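Reader: Could you pick one spot here and take a really close look at it, then work outwards to whatever else is worth knowing? Please spell out your cut-offs as you go, since I like to know what the words mean.

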Amino acid sequence: MNIGKEYELLNQLYFERISGTESELKACRIIADELTKIGLDSRIEAFDVVRNTVQKVKFEVTEPYHKVYEATAYMGCVNADGLSAELAYFESDTPVSRKNAEGRIALVNGYLGMNKFKALCEAHAIGFITYNGDIDREENDLDPRELRESSQVFGNMPGVNIRIQDAIELIERQATHVKLTVEQTMQDEKSHNLICEIKGESEDWIVCCAHYDSVPNSKGAYDNATGAVCLYSIAEELKDRHLKHNIRFIWCGSEERGLLGSKAYVKDHGEELEHIKLVVNVDMLGSVLGNRIAVSTADMSLVHYIDYYARVEGYPLESSQGVYSSDSTPFADAGVPAVSFARGSAGTARIHCRFDVMEHLSQRILGEDTEFILKFVETMANAYVIPVVREMPDNMKEELDKYLGRDLLKKEEKK
Ligand SMILES: [Zn+2]
């Protein structure tokens, strides 16, 4: 395995690769070109994504003082033209906070996930404010945020994101009235999955996937150029080896916007799924300090097998059962056993911000990570029979329901 070459490709992919943009497609083509150079054919499959362009955003406090704060609009939220209302601080989902939020614009702590957004809708809030950043950093980037489609099923309202220092100021100065303006347009764009296959003898397939897109303001070195180049190395290493089973490599686009690439793949290739015996997803490797994990959305026997395999190989790895927030999940949701390999960063490598940089990574450690995943994939691809139990356990089905917000919708239907 040539880690030097893998690292070189990582360098080539070191730019913002945002869903549905030219730069995302450029990254896709770079990987495709490298595959061509080593004699591997690939194909690019397009899928639809909506891109929102924010034309105007303004957030101001109007009482008891007046101040305009820099803000980004939530992509996908509804427009508002100077919506004025009282401010409520929605600390957490409690009956009191819900009551306070009614008819008001709510300042929400931290990340606005499906649960919190659903609570805001049920509380009849009319707008929301979130914040991002580190309190001790003076210059925080203002993150563009998105109200994902999975949240929009519960309702919609205008929303903005501000810096953490400004959120603190709102509370300390006891802002009571705020005003929101959000204006955005929607366009249909294409995002792309890149697919490459190495043929074996049987009818069975192993899918190896990794997303290659990044969020805005991030060159996504760790998340997930590392996974994308790991896949490249596995393909290069296995292309001339004799394999019993087929391997399909999928570099997924638009993972960062809610696993859109893998969802599109699963949706468009329903007939293939029964032949896919295992999905191996790779999302974030090579951080200098860190911890290796393998999260299997599958029968416990796979969890144990990976645990034993790591011990045999002398690779420190925590193997567990669960739903990992990455491209393994749409496959698991379609009943295909899936495992995600990653290296946690122990606070060193950062994601979803401009500090997701090459400097936080180690070529040597990325090499070790790739080597282990490569061996595991090769072992599976040469198994006499692929041993992975097909049945998705009930506890995993429940966790998938929760992760995908279906449990929230089910509760909704019961009402
Ligand atoms: Zn990722």
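Author: Let's start with Ser-254, which sits in the loop between strand E11 (246–252) and helix H8 (260–268). Helices and strands here are DSSP runs, with H or I over at least four residues for a helix and E over at least two for a strand, numbered from the N terminus. Before going further: this is a predicted model, so local features need pLDDT of at least 70 and side-chain atom pairs count only at pLDDT 80 or more, while totals for chains, interfaces and linings use all residues. Residues are numbered from 1 along each chain as its sequence is written, and side-chain values use heavy atoms, leaving out hydrogens and water.

Is Ser-254 buried or exposed? Its relative accessibility is 0%, so Ser-254 counts as buried (buried is under 20% relative accessible area, exposed over 50%, partly exposed in between, using a 1.4 Å probe and protein chains only). Skipping residues up to four places away in sequence, Ser-254 touches Ser-19, Gly-20, Glu-24, Phe-47, Val-49, Ser-191, Asp-213, Leu-259, Leu-260 and Gly-261. Contact, by the way, means heavy atoms within 4.5 Å.

Gly-261 from that list takes us into H8, where Gly-261, Ser-262, Ala-264, Tyr-265 and Val-266 are buried. The cover over the buried residues of H8 includes strand E1 (42–63), strand E9 (177–198), E11 and helix H10 (328–333).

Strand E1 is also home to Asn-52. With 8% relative accessibility, Asn-52 counts as buried. Leaving out neighbours within four places in sequence, Asn-52 is in contact with Met-75, Gly-76, Gln-184, Thr-185 and Met-186. The C-alpha atoms of Asn-52 and Glu-189 are separated by 9.8 Å, though their positions lie 137 residues apart along the chain.

On to the cysteines. A disulfide here is a pair of cysteine sulfur atoms within 2.5 Å, and the count by that rule is zero. Cys-196 is in no disulfide, its nearest cysteine sulfur being that of Cys-208, 11 Å away. The sulfur of Cys-208 has its closest cysteine sulfur in Cys-209, at 7.8 Å, which is too far for a bond. Both sites are hidden: Cys-196 is buried at 1% relative accessibility, and Cys-208 is buried with a relative accessible area of 1%.

Now for the helix packing around H11. Two packed helices are described by the angle between their axes and the distance between the axes. Axes are lines fitted to C-alpha atoms, for helices over the stretch in contact, and the angles run from 0 to 180 degrees between N-to-C directions.

Helix H7 (residues 221–238) packs on helix H11 (residues 363–381) at about 50°, with the axes 10 Å apart. H7 and H11 are therefore oblique to each other (under 35 degrees is roughly parallel, over 145 roughly antiparallel, 65 to 115 roughly perpendicular, and the rest oblique). Their crossing is right-handed, meaning the near helix is turned clockwise from the far one by less than a right angle, whereas anticlockwise would be left-handed. On the H7 side the contact is made by Thr-226, Val-229, Cys-230, Ser-233, Ile-234, Glu-237 and Leu-238, and on the H11 side by Leu-366, Thr-370, Ile-373, Leu-374, Val-377 and Glu-378. Those residues divide into eight nonpolar, three polar and two charged (Ala, Val, Leu, Ile, Met, Phe, Trp, Tyr, Cys and Pro count as nonpolar, Asp, Glu, Lys and Arg as charged, and the others, Gly among them, as polar).

Helix H1 (residues 3–12) meets H11 too, with axes that come within 10 Å and cross at roughly 110°. H1 and H11 are therefore roughly perpendicular, and this crossing is right-handed. Ile-3, Gly-4, Glu-6, Tyr-7 and Leu-10 of H1 meet Gln-363, Leu-366, Gly-367 and Thr-370 of H11. By class, that contact has four nonpolar, four polar and one charged residues.

Then there is helix H9 (residues 300–313), whose axis comes within 11 Å of that of H11, crossing at roughly 120°. That makes H9 and H11 oblique, again in a right-handed crossing. Here Tyr-305, Ile-306, Tyr-309, Ala-310 and Glu-313 in H9 meet Phe-372, Lys-375, Phe-376, Thr-379 and Met-380 in H11, a set of seven nonpolar, one polar and two charged residues.

One last stop in H9 is Val-303, which counts as buried at 4% relative accessibility. Not counting residues up to four places away in sequence, Val-303 touches Ser-296, Ser-319, Ser-320 and Gln-321. The C-alpha atoms of Val-303 and Gln-321 are separated by 6.2 Å, with the two residues 18 apart along the chain.
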